[in-house]
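Hi everyone, thanks for coming. I'd like to walk you through one structure today, so let's get it up on the screen.

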Amino acid sequence: MLTQLLSKLNHQPPTTTILLLLRRKTTSAEYVASRNRDPTFEKLMDKYKNLFKVISIQNLILGTTTTNNATASPPAVSVDFLNRLSQRLHLNRGATHFLRKYPHIFHIFHHPTKLQPFCTLTESALKITQQEAAAINASLPLVINRLVRMLSMSVTKTLPLRAIFKVFRELGLPDDFEDSVILKKSNLFALVDSGIEPNTHLLKLVGDVIPKSELVAAVDSWRVMECCKEDVGVDRNEILYSFKHSYPPGMKLRRSFKAKVKEWEKLKYVGPYEAVEIGEKRKSKIGTMEMEKRAVGIVHEFLSLTVEKMVEVEKISHFRKWFGIDLNIRDLFLDHPGIFYLSTKGYRHTVFLREAYERGCLIEPNPVYEARRKLLDLVILGRRGLSRGHSEPTSVRQGDDGIDELKTDSDED
């Protein structure tokens, strides 16, 4: 049904007048600084920047092995070791100060044999990690589907394994995905040598688990849903190559800008799962513009495949060549503020898919996201609740523009 509706829409004649969204010439840093801020996403990233640090320390703790299996003690690392990594972990005031900020996540104790302070995870934090791992294992069929779609977007149906490692958490892959997913699904995936770089492996798609007729991009599904609405407010032909837009509050939308966006929406392009001749498209101005819109479609689909509909710009840049994108990825996000939102908080550039969020939360949450959100709740809780009998957080209420109110067991009547 979905593919039939899309094929009918594709027979519509393309627009004859096409305008490219242009920006004044600036340096990349100036362009980033001049972007329109969205308070909701900025507030969310204020929470996430500390969450990323917590996850880095959590991974170091979980990555340790217990020397004495008889005691069955939980994994732990020395505080001195974490202090030596403070600069790399961006802990400006040292690891000890950071660990004490989150007593609901980290527990500092004096090691009885090594006679120095060690850090381990609290029972609440361990429970969340177990819940996340269980959610990932339960969603393996969906994870395999994501990986197949990622490889299907590649021009050569191959991707560097090191690039997959960089986004395995964003895709919801298990920690041992090389064994539990790639090797177990040898009918779908194969690891091959790159032939160019030594000790570099490529992940190759060797089977078609998803028929080409079912490889429908997320934006195409949205277009069909919009066309099927009885009260659709625009011409259905205008939705054929359009994307959902929502701009930061307070952003001035001039008439000329709206006109350019409207014409850009009508521009025909090759979808992320369709074959394309890169060299041929570059020969004409229209072809170059179509390739730019194709790049928007690819990164839109990339973000749609992630668990939290967000990713670091640096990580997605590792796929640029393999997806046939000959553009600056960061500038691409800034050129389309109605589709993407770029945040620079927390020593990183992070891009969000705007349409997937409402008031700082995913509109369509999934079990893995919900487990990770509980860890964010503990980060937001900080040191609060320590003076009360029960300090376990049960929920986080939303304010008008995101997360700002806390609720603990001791707050309940």
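**A small tour: one sheet and its helices**

Let's start with the sheet: 3 strands make up an open sheet, ordered β7-β9-β8, and their pairing is antiparallel. Please keep in mind that this is a predicted model. The edges are taken by β7 (310–312) and β8 (340–343); each has a single partner strand, so one side of each has no neighbour in the sheet. On average, and ignoring direction, neighbouring strands here are turned by 20 degrees against each other.

Now look at β8 and β9 (residues 350–353): they run antiparallel and are joined by 4 bridges. Which residue of β9 is the bridge partner of Phe340? That's Leu353.

Next, the helices on the sheet. Helix α3 (residues 39–62) packs on the sheet and touches β7, β8 and β9, its direction making about 55 degrees with that of β8. Helix α13 (residues 285–305) packs on the sheet too, touching β7, β8 and β9, and its direction makes about 85 degrees with that of β9.

Let's stay with α13 and bring in a partner. Helix α7 (residues 140–153) packs with α13 at an angle of about 165 degrees, and their axes are 10 Å apart. An angle over 145 degrees counts as roughly antiparallel, so that is how α7 and α13 lie to each other. The crossing of α7 past α13 is left-handed.

Who makes the contact? From α7 we have Arg146, Arg149, Met150 and Met153, and from α13 there are Arg294, Ile298, Glu301, Phe302 and Leu305. Sorted by class, this contact of α7 with α13 has 5 nonpolar and 4 charged residues, and no polar ones.

Terms used:
Residues numbered from 1 in each chain as written. Predicted model: local features only at pLDDT ≥ 70, side-chain atom pairs only at ≥ 80, totals over all residues. Heavy atoms only, no water. Pairing = 2+ DSSP bridges. Helix = DSSP H or I, 4+ residues; strand = E, 2+ residues; numbered from the N terminus. Axes fitted to C-alpha atoms, helices over the stretch in contact; angles between N-to-C directions. Contact = heavy atoms within 4.5 Å. Parallel < 35°, antiparallel > 145°, perpendicular 65-115°, else oblique. Left-handed = near helix turned anticlockwise from the far one by under 90°. Nonpolar A, V, L, I, M, F, W, Y, C, P; charged D, E, K, R; others polar.
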